[in-house]
Amino acid sequence: MRKFLIALLALPCGCALPPKAPPPALPQAPVTAPAGPFERYDVVASHFEIRVYRDGPMAQLGHNHLISSDGLKGSVQLRDPVSDSRFALELPLDSLMVDDPVLRSAAGADFAKEVPQADRDGTRRNMLGDSVLDMARQPVLRLTVDSLEGGPTEFQARIRVGLRGEERVINVPLTVQAGDGKLGVHASFKLHHADLGLTPFTVALGALRVRDEFEVDCRLEAKRAGSAP
């Protein structure tokens, strides 16, 4: 019974969606921005993490999960003022890793519990399967910014998320640093499953479940197109 419950909770992000007819795949959304001059910056390095937490009276039977990737790519149109800038980013879902031991060891006490390799592999299969991220239908997570408010370095971004053949809009705080042909962006925020059209997984009448809220942290570095490495 214990192994059965742990296997059920292995769904990363706690996402369990009922079967439904597959939606049409999304076309890639272009970057939309005010007319005028801009400088293009291409992403050269990135790190993306999602932290998902177990919950409920039987939470000890499951794991907290740390999902990560260094595969975020794309470009930024940097404008003056910076609030007129726009970006288009893509994250190949196949680049997602589950519970990397080095990252877990740096993530604090909530992730100190070791996750066996077999559980990590099973969690990743479930995550990429058609009931969760549905990588076979849309292999790339797409992020485009609709608007930026604030400045000069702290912004609120309205970001369009393309996932599972659907689009959702979320509001994300961004820190942007620009200079010497380089651009750094950092976002650290929390989401609820419904923000992405997902449903937290539960079992045993909610005694074992995944916390509805999860944490996202993303950093990227971009360089001005044509600048020296």
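Which backbone oxygen does the side chain of Thr 123 reach? In this predicted model, the side chain of Thr 123 comes to 2.9 Å from the backbone oxygen of Asp 119. Thr 123 itself belongs to helix H3, an element that spans residues 117–128 and that also holds Met 127.

Both of these helix residues can be described by their relative accessible area, for which the cut-off of under 20% defines the buried class. Because its relative accessible area is 0%, Thr 123 counts as buried, and Met 127 is likewise assigned to the buried class because its value is 1%. The two residues are set out below.

| Residue | Relative accessible area |
|---|---|
| Thr 123 | 0% |
| Met 127 | 1% |

Met 127 can also be placed relative to a residue elsewhere in the sequence: its C-alpha atom is separated by 9.2 Å from that of Val 98, although the two residues stand 29 residues apart along the chain.

Turning to the chain as a whole, its secondary structure consists of three helices and 13 strands, and 45% of its 229 residues count as buried. Where contacts between residues at least 6 apart in sequence are considered, 68% of them join residues that are at least 24 apart. The area that the chain exposes comes to about 11600 Å², of which carbon and sulfur atoms supply 55%.

Key. Residues numbered from 1 in each chain as written. Predicted model: local features only at pLDDT ≥ 70, side-chain atom pairs only at ≥ 80, totals over all residues. Heavy atoms only, no water. Helix = DSSP H or I, 4+ residues; strand = E, 2+ residues; numbered from the N terminus. Buried < 20%, exposed > 50% of the residue type's maximum accessible area, 1.4 Å probe, protein only. Polar contact = N/O pair within 3.5 Å; in protein donor to acceptor, adjacent residues only side chain to side chain. Contact = heavy atoms within 4.5 Å. Areas by Shrake-Rupley, 256 points an atom, 1.4 Å probe, with all protein chains shown as cover.
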